[in-house]
Amino acid sequence: MMRARRTVIATRVAALVAVCSVVVALTGCTSRAQEAASGSTRGFPANAIIGVALPDKTSENFAIAGQLFVEGLTKAGFSPDVQYAPATNTVAEQQNEIEAMITRGAKVIIIGAKDGSQLSTQVADAKRAGAMVISYDRLILNTRNVDYYVAYDNERVGELQGQALLAGMKAKYPDKTSYNIELFAGSPDDNNSSVFFQGAMKVLQPKINDGTLKVVSGQTAFKQVTTQGWLAQNAQSRMDTLLAGFYSGTELDGVLAPNDTLARAILQSVKTAGKPYPIVTGQDSEAASVRLIMQGIQYSTINKDTRKLVAEAIKMVSELQRGSRVDVNDTTSYNNGAKVVPTFLLTPQLVTRQNAAQSYATDPTLEPLTRG
Ligand code: BGC
């Protein structure tokens, strides 16, 4: 069946090439024949509507991304339609927003999923209407109707967080040979949360097994450590409970925090309890956390420069518009449960006080925070 279809396609491509060879100078159809042969898509109008459906603003990077998409897509000649899911009824609202983008005739829909497992109907509708779908930062799961994925290497983010936690505690407590820690993960409806956690546990689990690390609460399973909605108040109240239940008379040396918003909530809880600050990791390079890092209060964050991620997504849109080959650099790693999604992956960078100035050297907002 498959082979027969391929033969039909090959025959059509051959016919197209033959026709083109006659009229090549006038029509420029050689390149279209080559595109058809290389499997790339046909383009769409240069001023097309491009939908961007972002989740609720659970971190600064999504707030920044919305603005950058409006500016970047406009500059590239497109008509951007950028929408955020509101904080309440988020999944349903994001589903409605995507359907509305399809109705308005969007040619590409870029989606930062609120819940990556609940968009199958919407992306199927998008494909039926002839729109392409790009999964942004968070992978959309269990559907073949996702064309591309653009993201930072989120498993690597987790590994860097695990390594930072270990390195930070070693440096802060040179006399200790074992450390008391607690683990936090992000929201269970965000596919990235388990990816970050798995990455971190690749580094931390062997150290838990050999006794270097002790999770005093015993809460080490992903399900036990998630933070619903990535909300600061949920992390803060869990930390309050952990401190009250397990740390009277016991020192807390480190906390794995999956992002900066939660890191600050955890630090606040520790402060309120009147305890010394442990080593706390983070992610996103939020301005408030970069300040805390420079003051030696938060230990680390991750630089996932939103400007680069948005620029890559817009580059994909331009490639699709021209009908040229879409530049991806990973065609094996991101199986969403229904297909391996071709991906453009960017490299995250660990940031501590030591390398902050260098890491943010080209960032006009963060660089000034690293001085003095
Ligand atoms: C993003 C993180 C962010 C988190 C909460 C994740 O999907 O990758 O950068 O901190 O969502 O918004």
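**Sheets and nonpolar cores of the predicted model**

The buried residues of helix 3 are covered by elements that include strand 1, strand 2, strand 3, strand 4 and helix 12. In this predicted model, the buried positions of the helix are Asn61, Phe62, Ala65, Gly66, Phe69 and Leu73. In an α-helix, residues three or four places apart point the same way, because there are 3.6 residues a turn. Helix 3 comprises 16 residues and spans 23 Å between its first and last C-alpha atoms, close to the 22 Å expected at 1.5 Å a residue. Just after the helix, Gly77 adopts a positive phi of about 100°.

The protein as a whole contains 13 helices and twelve strands. Of its 372 residues, 51% count as buried. Among contacts with a sequence separation of 6 or more, 70% are between residues 24 or more positions apart.

Six of the strands form an open sheet with parallel pairing, in the order 2-1-3-4-5-11. Strand 2 (79–84) and strand 11 are its edge strands, each pairing on one side only. On average, neighbouring strands of this sheet are turned by 15° against each other, direction ignored.

Within this sheet, strand 1 is mostly covered, with five of its six residues buried. Strand 1 is paired with strand 2 in the parallel sense through six bridges, and Ile50 stands opposite Pro80 of strand 2. The connection from strand 1 to strand 2 passes through helix 3, and this β-α-β crossover is right-handed. Strand 1 also runs parallel to strand 3, to which four bridges join it; here Gly51 has Ile109 of strand 3 as its bridge partner. Strand 3 is in turn joined to strand 4 by four bridges, again with the two strands running parallel. Val108 is bridged to Met132 of strand 4.

Helix 12 also packs against this region, lying across strand 1, strand 3, strand 4, strand 5 and strand 11. Its direction makes an angle of about 165° with strand 5.

The largest nonpolar core contains 28 residues, of which Phe69, Val108, Ile110, Ile134, Tyr136, Val150 and Val317 touch the most other members. Two or more residues are contributed to this core by each of strand 1 (49–54), helix 3 (60–75), strand 3 (108–111), strand 4 (132–136), strand 5 (148–152), helix 12 (306–322) and strand 11 (343–346). The greatest contribution is that of helix 12, with seven residues. In soluble globular proteins, nonpolar side chains tend to be buried together. The surroundings of Ile110 illustrate how the elements meet. Apart from residues up to four places away in sequence, Ile110 touches Ile50, Gly51, Val52, Ala53, Phe69, Ile134, Tyr136, Ala313 and Val317. A second core, separate from this one, has 23 residues, including Phe196, Leu242, Leu252 and Ala257.

Another open sheet consists of four strands in the order 7-6-8-9, with parallel pairing. Its edges are strand 7 (213–215) and strand 9 (279–280), each of which pairs on one side only. Two bridges connect strand 8 (residues 254–256) with strand 9 in the parallel sense, and Gly254 has Ile279 of strand 9 as its bridge partner. Helix 6 (residues 154–172) lies across strand 6 (179–183), strand 7, strand 8 and strand 9, and runs at about 170° to strand 8. Helix 7 (residues 191–209) also packs on the sheet, where it touches strand 6, strand 7 and strand 8. The direction of helix 7 makes about 115° with that of strand 7.

A further local feature concerns Thr90, which is found in helix 4 (residues 90–104). Thr90 counts as buried because its relative accessibility is 8%, below the 20% limit. Leaving aside neighbours within four places in sequence, Thr90 is in contact with Asp56, Ala85 and Lys114. Of these contacts, the one with Lys114 links residues that are 24 positions apart in sequence, with their C-alpha atoms 7.0 Å apart.

Technical notes: Residues numbered from 1 in each chain as written. Predicted model: local features only at pLDDT ≥ 70, side-chain atom pairs only at ≥ 80, totals over all residues. Heavy atoms only, no water. Core = buried A, V, L, I, M, F, W, Y, C linked by side-chain atoms within 4.5 Å. Buried < 20%, exposed > 50% of the residue type's maximum accessible area, 1.4 Å probe, protein only. Contact = heavy atoms within 4.5 Å. Pairing = 2+ DSSP bridges. Axes fitted to C-alpha atoms, helices over the stretch in contact; angles between N-to-C directions. Right-handed = clockwise from strand over helix to strand, strands pointing away. Expected span 1.5 Å × (residues − 1).
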